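User: I would like to work through this structure by question and answer. Please reason through each reply before giving the result.

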Amino acid sequence: MSLIAEPITIRNTTFKNRIIKGAMSEALANAAGQPNHLHYGLYEAWAKGGLGCAITGNVMVDIGAKNEPGVVAIESERDLEQLKHWAEIGKEYGMVQLVQLSHPGRQCPKGLNKETVAPSAVPFSPVLATTFGTPRELREEEILDIIQRFAHAAKICEKAGFEGIQLHGAHGYLISQFLSPLTNKRQDQWGGSIENRMRFLLEIYKAVRAGTSENFIISVKLNSADFQRGGITEEDVIYVFKAIDAAGIDLIEISGGSYEAPAMAGVKEGKRKASTIAREAYFLDFSEKIRQEVKCHLMVTGGFRTVKGMNDALESGACDFIGIARPFAVETDLSNHLIAGKDVRYGVEKIKTGIPMIDKMAIMEIIWYAAQFKAIAEGKKPNPKLSPLKVFFKYLKGNLTAVVKGQINSRKSA
C-alpha cells in the first residue's frame with residue numbers, strides 16, 4: 001500500500017491520507033473579509049478530489065492588517081454561519097480543514113491599510129521599498145492585543161466546526177518578523193535573544209491552547225531559514241522548533257523564505273545540490289535534521305512531484321505529511337490521482353511576466369494561482385496556460401481600487 005494513502009490520527013481527528021494542501025491565497029473574500037460561496041466551491045472541488053487535509057489561505061486576525069485584497073478576516077462571530085458552512089464541506093467528504101491564522105506585519109502593500117506595523121521599524125530592500133512601506137514599531141499593548149486576536153479567532157474557528165488552525169510563522173509575516181534578527185531590533189522582552197524573539201510565537205500558542213478544547217489541533221508553519229544574510233541562524237531555528245514542540249504543538253509545517261527571499265516558491269532551486277533536487281522536496285534535508293529534535297508531527301511542503309518521492313520521504317521518517325500547494329491550482333483531483341500511483345501531471349515552473357522588477361518578487365507565485373482558484377470556485381476548469389502578464393495587470397488594477405476605496409473611507413471616518 002502506498003504510504004501516502006495511509007491514515008493518521010492527531011488528537012481525536014483522523015486524516016484519511018497523508019496529503020495536505022498547503023496554504024495558498026484564495027483572494028475570494030469581499031472588502032469586509034467575509035467568506036462566501038466561492039470559498040465553498042473551491043474547497044468542495046478539492047474535497048471531491050480525495051484530499052486528506054486542506055490548510056486554508058491566509059485568514060487575518062485583524063481586518064485593519066490585510067496582506068492583500070480579498071483575504072478572509074476573523075475578528076468576531078459576524079460570519080459564523082458562513083464559516084460553519086465552509087467547515088461542513090470538509091466533514092461531508094472526510095477532508096480535515098485547518099484555518100491558517102495570520103498577521104502580515106510589515107508585508108502589506110502601501111495604501112492597502114491605514115498603516116503597517118512590525119516588531120521594529122525596519123524598511124524593505126530597495127527593490128521592494130517601492131511597494132512596501134516602512135512599518136511602525138509595535139507598542140507592547142498592541143503586541144498583547146494581537147496575541148489575543150489569534151486566540152479569539154481560533155476559538156471562533158473551533159465553534160464553526162474546523163478541526164484546527166495553523167499559525168503562520170513563516171514567509172516573512174509577523175510571527176516570522178519577531179523571530180528574525182533582521183526585522184526584530186527590539187531591546188525589550190520581545191527582542192534580542194532568541195528566547196525573547198520567540199516569546200511572541202509561544203504566547204500566541206499558549207493563548208490559543210487555553211481558549212480551545214483539548215481535541216482542537218494547533219499547528220504552526222515555520223521557516224527552516226529566511227535565506228538572508230544576517231537572518232535567523234540554523235541554531236536558533238532548531239531552538240524554536242524544540243521550544244514549540246515542548247510547549248505541545250501538534251504539527252509543524254517546514255518551509256522557508258520571505259517576500260524578499262522567496263525560497264518557498266522554489267526560486268532558490270538552482271542553488272540546491274543535485275542530491276537534494278533528486279529527492280524533490282525543498283526542505284526535506286532540514287526536516288530529517290529536525291526529526292531528531294522534536295516529537296510532534298512534521299509536514300514538508302514544496303517540490304514534491306512524484307509518488308515515489310513522496311513515499312520515500314514518509315518511509316524515511318523525515319516527515320509524517322506531504323504538503324503540496326501549487327499543483328492543486330491546476331489539478332483539483334490531484335489527491336486521487338496520486339493515491340492511484342500517478343505522478344503530478346503539470347510541472348510547476350516559476351511564473352514570469354517578462355518584467356524583471358516584478359519577476360524578482362514572490363508576488364506572481366501568489367496571484368497567478370489565485371486567478372486559477374477563482375475559476376475553480378466558479379465551476380470552471382483551471383488554465384495552466386493563463387498569461388502571467390494579464391493576471392498581474394488585473395491584480396494591479398484591483399489593488400489600486402482597494403487603496404482608493406480605503407482612502408475614501410478613511411476620509412469619511414475622519
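User: Is glycine 192 buried, partly exposed or exposed?
Analyst: This is a predicted model, and in it glycine 192 sits in the loop between α5 (174–179) and α6 (194–197). Its relative accessible area is 45%. Buried means under 20% and exposed means over 50%, so glycine 192 is partly exposed.

User: What distance separates the C-alpha atoms of glycine 192 and serine 180?
Analyst: Along the chain, glycine 192 and serine 180 are 12 residues apart. In space, the separation of their C-alpha atoms is 9.9 Å.

User: Is glutamine 97 buried or exposed, and what is its relative accessibility?
Analyst: Glutamine 97 belongs to strand β7 (residues 96–102). The cut-off for a buried residue is under 20% relative accessible area. Glutamine 97 therefore counts as buried, with a relative accessibility of 0%.

User: Which residue has its backbone oxygen 3.0 Å from a polar atom of the side chain of glutamine 97?
Analyst: A polar contact requires a pair of N or O atoms within 3.5 Å. The distance of 3.0 Å involves a polar side-chain atom of glutamine 97 and a backbone oxygen. That oxygen belongs to tryptophan 86.

User: How many residues apart in sequence are the parts tied together by arginine 18 and glutamate 6?
Analyst: Arginine 18 and glutamate 6 form a salt bridge whose closest N and O atoms are 3.9 Å apart. Arginine 18 is in the loop between β2 (13–15) and β3 (19–21), while glutamate 6 is in the segment before β1 (8–10), so the pair ties together parts whose separation in sequence is 12 residues.

User: Which relative accessible areas do arginine 18 and glutamate 6 have?
Analyst: The two partners fall into separate classes, as their values show. Arginine 18 is buried, at 13%. Glutamate 6 is partly exposed, at 28%.

User: Why does the salt bridge between glutamate 331 and arginine 345 tie together parts that are 14 residues apart in sequence?
Analyst: The side chains of glutamate 331 and arginine 345 meet with an N to O distance of 2.8 Å. Glutamate 331 lies in the loop between β14 (321–324) and α12 (334–339), and arginine 345 lies in the loop between α12 and α13, so the pair ties together parts that are 14 residues apart in sequence.

User: Which of these two residues, glutamate 331 or arginine 345, is buried?
Analyst: Arginine 345 has a relative accessibility of 41% and counts as partly exposed. The other partner has a relative accessible area of 2%. The buried residue is glutamate 331.

User: Which residues are linked in a network of salt bridges?
Analyst: One salt bridge joins the side chains of glutamate 141 and arginine 139, at 3.2 Å from N to O. Arginine 139 is partly exposed, with 43% relative accessibility. The network consists of Glu115, Arg136, Arg139, Glu141 and Glu142.

User: Which helix gives the most residues to the positive patch?
Analyst: The positive surface patch is formed by Lys374, Lys390, Lys394 and Lys397. Lysine 374 is placed in helix α14 (residues 364–377) and is partly exposed at 39%. The most, 3 residues, comes from helix α15 (residues 388–413).

User: About how much accessible area does the nonpolar patch have together?
Analyst: Helix α15 supplies the largest share of this patch, 3 residues. Methionine 357, in helix α13 (residues 356–359), counts as partly exposed at 47%. Val127, Ile355, Met357, Leu389, Phe393 and Leu396 form the patch, and their accessible area together is about 470 Å².

Note on methods:
Residues numbered from 1 in each chain as written. Predicted model: local features only at pLDDT ≥ 70, side-chain atom pairs only at ≥ 80, totals over all residues. Heavy atoms only, no water. Patch = residues over 30% accessible without salt bridge, like charges linked within 9 Å, V, L, I, M, F, W, Y side chains within 5 Å. Areas by Shrake-Rupley, 256 points an atom, 1.4 Å probe, with all protein chains shown as cover. Salt bridge = Lys/Arg side-chain N within 4 Å of Asp/Glu carboxyl O. Lys, Arg positive; Asp, Glu negative; His and termini not counted. Charge placed at Lys NZ, Arg CZ, Asp CG, Glu CD. Helix = DSSP H or I, 4+ residues; strand = E, 2+ residues; numbered from the N terminus. Buried < 20%, exposed > 50% of the residue type's maximum accessible area, 1.4 Å probe, protein only. Polar contact = N/O pair within 3.5 Å; in protein donor to acceptor, adjacent residues only side chain to side chain.
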